[in-house]
Amino acid sequence: MPFARMGGGRLDRIHLVQRAPGTWQLTQPFTFLEKGRPESERIVIRAHDESRPAKGSNASDLASVPPFLWGLIASHGRQTAPALLHDQLWWEALNPDADVWIAQRREADRLFEVSLRESGSTPLRTKLLVAAVTLERYWGPRRWQAVAMAVHTVAAVAAIWAALLGVFGWWGALVLPLPAISVLIWGADAAAIGVLIYAGVLFLPIGAVALLGEYLLHVLELLGWGLGRRRSAMPKSGPLGRTRRAKVRARRRVREAEQERERAS
């Protein structure tokens with residue numbers, strides 16, 4: 001029983017209120033304790049303050065899955081409680097010291113994986129979600145590494161698809177296993193990047209069609225809005241909330257604090 005109510009007992013419901021498109025607030029706290037760990041390590045997932053604006057650490061977008069991929073992995077479900085746990089740990093991990101930031105995020109991501117498994121998430125979905133947060137982990141404290149990982153992933157997916165389409169001829173058979181070897185340069189994160197690469201190969205056609213469909217829907221919404229003489233607010237693409245933008249600003253502030261500290265020393 002990894003997640004529990006505050007008074008004890010299995011967590012059989014999560015109390016959320018939607019404050020804006022893609023933005024939620026937790027109204028009642030609950031707890032998480034990793035299996036086999038002492039009671040002193042129990043984590044309280046705190047409720048948000050409904051009297052304050054629903055943004056930043058006072059809100060959640062649940063699992064940060066792009067809307068066009070919700071047909072594969074939704075932003076909620078078995079991952080709701082783990083996502084709320086990870087959101088809280090995400091904000092607590094922010095630190096001007098890049099090494100401390102990464103170390104705390106690594107532990108947060110580990111607990112995210114553990115909580116997903118113990119909540120009944122399948123191994124494949126768990127690995128996909130953890131791989132995504134692994135890449136995002138470095139975007140604030142070590143952006144060059146996040147960019148390098150992303151470029152590596154995209155290049156490997158493109159190379160494998162080119163091989164499958166016969167661009168390299170018979171040599172293409174040698175290209176297919178290369179990404180599994182090349183990811184070793186990322187050390188402890190090699191498995192996560194490998195998952196992103198081969199999942200990207202498998203789901204690229206589905207994702208591309210879904211993304212195209214999302215933009216097509218938005219175009220049709222804009223046409224309807226224009227033909228309706230603009231009687232309402234202009235439609236926005238996708239149910240994006242304010243939490244993701246707040247996370248971007250938070251990362252920027254921490255990086256600026258780190259740069260200021262370096263200049264002062």
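Begin by selecting V167, which sits in the loop between helix 4 (143–164) and helix 5 (172–175). Keep in mind during the tour that the structure in your viewer is a predicted model. V167 counts as exposed because its relative accessibility is 58%, and the cut-off for that word is over 50%. Now add L165, F168, W171 and L174 to the selection, and together with V167 you will see a nonpolar patch on the surface, whose accessible area comes to about 600 Å².

**Helix 4 and what surrounds it**

Next select helix 4 itself, and try checking its length in the viewer. With 22 residues at 1.5 Å a residue, helix 4 should span 32 Å, and its end C-alpha atoms are indeed 32 Å apart, so the two values agree. Just after helix 4 comes G166, which has a positive phi, near 85 degrees.

Which residues of helix 4 are buried? Colour Q145, A146, M149, H152, T153, A156, V157, I160, A162 and A163, for these are the buried ones. If you then display helix 3 (123–137), helix 5, helix 6 (178–182) and helix 7 (190–227), you will have on screen the helices against which the buried residues of helix 4 pack.

Stay in helix 4 and pick out A159, which also belongs to this helix. A159 is partly exposed, because its relative accessible area of 26% falls between the limits of 20% and 50%. Leaving out residues up to four places away in sequence, A159 touches F168 and V175. Draw a distance from A159 to V175, C-alpha to C-alpha: although the two are 16 residues apart in sequence, they are 7.2 Å apart in space.

**A buried arginine in helix 3**

Move on to R137, whose place is in helix 3. Is R137 buried or exposed? R137 is buried, because its relative accessible area is 4%, which is under the 20% cut-off. If you set aside its neighbours within four places in sequence, the residues to display around R137 are I102, R105, R106, D109 and D189, with which R137 is in contact.

**Helix 1 and the loop before it**

Now select helix 1 (residues 80–93) and repeat the length check. Its 14 residues, at 1.5 Å a residue, should span 20 Å, and the end C-alpha atoms of helix 1 are 20 Å apart, which agrees. Helix 1 is mostly covered, since 13 of its 14 residues are buried.

Within helix 1, choose Q88, which is buried with a relative accessible area of 11%. Apart from neighbours within four places in sequence, Q88 is in contact with I43, V44, I45 and R46.

From there, go to L62, in the loop between strand 5 (43–45) and helix 1. L62 is buried, with a relative accessible area of 5%. Its phi is near 60 degrees, a positive value in a residue other than glycine. That deserves a pause, because most residues other than glycine have a negative phi.

**A hairpin to finish**

For the last stop, select strand 2 (residues 16–20) and strand 3 (residues 23–26), which run antiparallel and are joined by 4 bridges. Looking across from one strand to the other, you can find A20 standing opposite T23 in strand 3. Strand 2 and strand 3 form a hairpin with 2 residues between them, and in the turn G22 has a positive phi of about 80 degrees.

How values were computed. Residues are numbered from 1 along each chain as its sequence is written. This is a predicted model: local features need pLDDT of at least 70, side-chain atom pairs count only at pLDDT 80 or more; totals for chains, interfaces and linings use all residues. Side-chain values use heavy atoms; hydrogens and water are left out. Patches are made of residues with over 30% relative accessible area and no salt bridge: like charges are joined within 9 Å, nonpolar side chains (Val, Leu, Ile, Met, Phe, Trp, Tyr) within 5 Å. Accessible areas come from the Shrake-Rupley method with a 1.4 Å probe; for residues, only the protein chains shown count as cover. A salt bridge is a side-chain nitrogen of Lys or Arg within 4 Å of a carboxyl oxygen of Asp or Glu. Buried means under 20% relative accessible area, exposed over 50%, partly exposed in between (1.4 Å probe, protein chains only). The expected span of a helix is 1.5 Å times one less than its number of residues. Contact means heavy atoms within 4.5 Å. Two strands pair if DSSP finds at least two bridges between them.
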